[in-house]
Amino acid sequence: MPSLKTEYLGLKLKNPVIAGSSDLTAHLPTLEKLEEAGVGAVVIKSLFEEEVHLKSLKQEAELHKNINLNAEFQSTFPQIRYSGPKEHMFWVKKSVETLSIPVIASLHAILEESWIDYAQRLEDLGVRAIELNLHTAPYNWDKSGSEIEKEQIELLQKLRKKTALPLSVKITPFYSNLFHFLKEVDQIGLEGIVLFNKPFFEDINIDTEENRFTPVYNKSQDIRLPLYFTGLVSGSLKTPLCAAQGIQRSSDIIKLLLVGAACVQVTSVIYQKGIVFLPELIQGISAWMDDKGYGKIGDFRGKLNRENNQDSLSFSRSQYIKMLMQSSDDLMSQLLI
Ligand SMILES: Cc1cc2nc3c(=O)[nH]c(=O)nc-3n(C[C@H](O)[C@H](O)[C@H](O)COP(=O)(O)O)c2cc1C
């Protein structure tokens, strides 16, 4: 039986499959089921600063609306409107106490002080690491891309100094030069980089003529993006990489390990196929390793990244052009039939 053990965030994981941050990791019963299904670790649903503010505002409005009725309630719980992220912290602590697999917190704040404050509070709860979710939807006509990147790098440097816990950063692919940004992140000395976060874009309901946000689940072809970039950078960065996006099958995980990922995160597939599918997903990695005669992940991890195999994927421009020429030839021959 091959060993699926891997190391990520300075943690020893029993296998490389991590349940990514989502509503599935926001409740203790589902977290317990994920553990039972065999995942190597869980990333708790992000603590979003916006949500904290929204909750406080709602609570405040509620308290003022019922000012007379709630006089006793307010004197009993005078701090309630400042409870802020306490609710989140409460169940994160519960999860840490209940689960035996590593619990990784996830944080997305707005203000620098909040990033630092929340990170330190999460650290106190006993989580094993924190994933810093840098996802933003910048709608800013005045700041250049390099200014935004500089701010992000400075924030990561500060968090590195203020937190003793292993830290990872989860990013989207939307950087004008992702390689330069990754090089800068690599110098900060974080313990992990997640390639990539899934940005959600709004849709429109044409009946009500309103905007709406509905989750769209990734498909297997979406692994091409993390596959390509992980393969290009894994041999050049010292920070371990965790690949995410589109993982639906064991073969997707094997491909990402072959190009150098230390582990993967899965979310959409759990929504689509259920937690019950996870043992099969993990087992498929062992079966392939058995078939190939690999005893441990280190025997093949990174075998097909750019550093170890220049021809393994369409890494170079000439390969890319060759592929495009090939498809236009195919198209022409179909049209001429
Ligand atoms: C419904 C849903 C909720 C999510 N919530 C979060 C979140 O709170 N924080 C976060 O960092 N990522 C969140 N994600 C992104 C996932 O953690 C994951 O990175 C992404 O979905 C890509 O992996 P997948 O293709 O397996 O879904 C969410 C994804 C989905 C589908």
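A residue counts as buried here if 20 or more other C-beta atoms lie within 10 Å of its own, with C-beta atoms placed from the backbone. With that cut-off in mind, and remembering that this is a predicted model, begin the tour at strand 13.

**Strand 13.** Select strand 13 and look at the directions of its side chains: C263 and Q265 point one way, V264 and V266 point the other way, and all of them are buried. In a regular strand the side chains alternate between the two faces of the sheet.

Next, add the partners of this strand. Strand 3 (residues 17-19) runs parallel to strand 13 and is joined to it by three bridges, and within this pairing A19 has V266 as its bridge partner. Strand 12 (residues 241-244) also pairs with strand 13 in the parallel sense, again over three bridges, with Q265 as the bridge partner of A244. If you follow the chain from strand 12, it passes through helix 9 (residues 250-258) before reaching strand 13, in a β-α-β crossover that is right-handed.

**The core around V264.** Now centre the view on V264 and display its contacts, which, leaving aside residues up to four places away in sequence, are P16, V17, I18, C242, A243, A244, I247, I253 and L256. The largest nonpolar core has 70 residues, and those that touch the most other members are V42, I104, I130, C242 and V264. Helix 11 (residues 278-292) is the element that gives the most to this core, contributing five residues. In soluble globular proteins, nonpolar side chains tend to be buried together.

**Strand 7.** From the core, move to I130 and select strand 7 (residues 129-133), where five of the five residues are buried, so the strand is largely enclosed by the rest of the structure. A129, E131 and N133 point one way from strand 7, whereas I130 and L132 point the other way.

Strand 7 runs parallel to strand 6 (residues 103-108), to which four bridges join it, and L132 is the bridge partner of L107. Between these two strands the chain crosses through helix 5 (residues 112-124), and this β-α-β crossover is right-handed. Strand 8 (residues 167-171) is likewise parallel to strand 7 and joined to it by four bridges, with L167 as the bridge partner of I130.

**The ligand.** Finally, select the ligand and the 24 residues around it, of which G20, S22, N218, T267 and S268 come nearest. The elements that give two or more residues to this shell are strand 13 (263-266), where the tour began, and helix 10 (268-273). Coloured by class, the shell shows six nonpolar, 13 polar and five charged residues.

Methods. Residues are numbered from 1 along each chain as its sequence is written. This is a predicted model: local features need pLDDT of at least 70, side-chain atom pairs count only at pLDDT 80 or more; totals for chains, interfaces and linings use all residues. A residue is near a molecule or strand if its C-beta atom, placed from the backbone, lies within 6 Å of it. Ala, Val, Leu, Ile, Met, Phe, Trp, Tyr, Cys and Pro count as nonpolar, Asp, Glu, Lys and Arg as charged, and the others, Gly among them, as polar. A residue is buried if 20 or more other C-beta atoms lie within 10 Å of its own, exposed if 12 or fewer, and partly exposed in between; C-beta atoms are placed from the backbone. Two strands pair if DSSP finds at least two bridges between them. A crossover is right-handed if, with the strands pointing away from the viewer, the path from the first strand over the helix to the second runs clockwise. A nonpolar core is a set of buried Ala, Val, Leu, Ile, Met, Phe, Trp, Tyr and Cys residues joined through C-beta atoms within 7 Å. Two residues are in contact if their C-beta atoms, placed from the backbone, lie within 7 Å.
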